[in-house]
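User: I would like a close look at one strand in the middle of this model and at what surrounds it. Could you take me through it slowly, explaining each term as it comes up?

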Amino acid sequence: MYFVRTASERDLEKVRALLGETWHATYDQLYGADKVRELHDTWHSLVALKARLARKDAEFVVADNGRDIGGMGYAAMSSEIPKTVMLHMLYVRPSCQRHGIGRDIFAEIETCFPDAEIMRLEVEPGNKAAVAFYHAHGFTEAGRTENCGQEQSGIPALIFEKPLSGH
């Protein structure tokens, strides 16, 4: 049984390993292993993860069973769009998928931003499992970008949004 809790610095090595495993399983067939490795080394470096963990207007959680981390999520208030929280990361280890871990992580993150009216995210169109997950959790397509994740990434993504409870 996995329990969702706030991440700490001692979790970051395991989170980084989970992200590497999950990204390769999900994106190698879309971008190739070399590109995935390059993105993972940049976007999921310990420095980048520590910066996310330290951010004040953000929530960084893990699903932990006492031995392993089965999933992780990270969201932060948008600095550009008022009353909007950006779900930047929601990943579940491939061997742990389809057991409710993603749902539990999402449910926790969804309640952490009482001032937010909208949750927004970017998802790779070819990641059919993620697209279906977000549709099942009330998201609708609100646009597209050619630079997922950061400026000039060159990775296209769908932009999904969902109104948050009470708004």
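Analyst: Methionine 89 counts as buried, at 3% relative accessibility (buried means under 20% relative accessible area, exposed over 50% and partly exposed in between, with a 1.4 Å probe and protein chains only). The model is a predicted one, in which local features need a pLDDT of at least 70 and side-chain atom pairs count only at pLDDT 80 or more, while totals for chains, interfaces and linings use all residues. Residues are numbered from 1 along each chain as its sequence is written, and side-chain values use heavy atoms, with hydrogens and water left out.

Methionine 89 belongs to strand E4, where strands (E, at least two residues) and helices (H or I, at least four) are DSSP runs numbered from the N terminus. What does methionine 89 touch, once neighbours within four places in sequence are left aside? Its contacts are Leu19, His44, Leu49, Arg52, Met72, Gly73 and Tyr74, a contact being heavy atoms within 4.5 Å. One of these partners, methionine 72, is 17 residues away along the chain, and the C-alpha atoms of the two methionines are separated by 7.4 Å. Two further partners are themselves paired, for arginine 52 lies over the face of tyrosine 74, at 5.9 Å from the ring centre (a charge sits over a ring if NZ of Lys or CZ of Arg is within 6 Å of the ring centre and within 35 degrees of the ring normal).

We can now follow the strand sideways to its partner. E4, which covers residues 84-92, runs parallel to strand E5, residues 118-123, and four bridges join them; two strands are said to pair if DSSP finds at least two bridges between them. Within this pairing, methionine 86 has arginine 120 of E5 as its bridge partner. Together with helix H4, residues 101-110, the strands E4 and E5 form a right-handed β-α-β unit, where right-handed means that, with the strands pointing away from the viewer, the path from the first strand over the helix to the second runs clockwise. On the way from E4 to H4 the chain passes through a loop that holds arginine 98, which is exposed, with a relative accessible area of 84%, and which has a positive phi near 70 degrees although it is a residue other than glycine. The loop between E3 and E4 holds lysine 83, another residue that is not a glycine but has a positive phi, of about 60 degrees; lysine 83 counts as partly exposed, at 44% relative accessibility. For background, most residues other than glycine have a negative phi.

E5 also pairs with strand E7, residues 157-163, through six bridges, and these two strands run antiparallel. Here glutamate 122 finds its bridge partner in isoleucine 159 of E7. Leucine 158, also in E7, is buried, with a relative accessible area of 7%, and its contacts beyond four places in sequence include Leu121, Glu122, Val123 and Val131. Valine 131 is 27 residues from leucine 158 in sequence, and 8.9 Å from it in space, C-alpha to C-alpha.

These strands also contribute to a shared interior. A nonpolar core is a set of buried Ala, Val, Leu, Ile, Met, Phe, Trp, Tyr and Cys residues joined through side-chain atoms within 4.5 Å. The largest one has 25 residues, of which Val85, Leu87, Ile109, Met119, Val123, Tyr134 and Phe160 touch the most other members. Strands E2 (58-64), E3 (69-77), E4, E5 and E7, with helices H4 and H5 (128-136), each supply at least two residues of this core. A second, separate core of 23 residues includes Ala58, Phe60, Val62 and Ile69.

Tyrosine 134 repays a last look: it is buried, at 8% relative accessibility, and beyond four places in sequence it touches Leu87, Leu90, Leu121, Val123, Phe139 and Phe160. The structure holds nine aromatic pairs, where rings of Phe, Tyr and Trp (its six-membered ring) pair if their centres lie within 6.5 Å, planes under 30 degrees apart counting as stacked, over 60 as edge-to-face and the rest as tilted. Phenylalanine 133 and tyrosine 134 have ring centres 5.3 Å apart and planes at 80 degrees, so this pair is edge-to-face. Phenylalanine 133 is partly exposed, with a relative accessible area of 22%. Elsewhere, ring pairs link Trp23, Tyr27, Tyr31, Trp43 and Tyr91 into a cluster.
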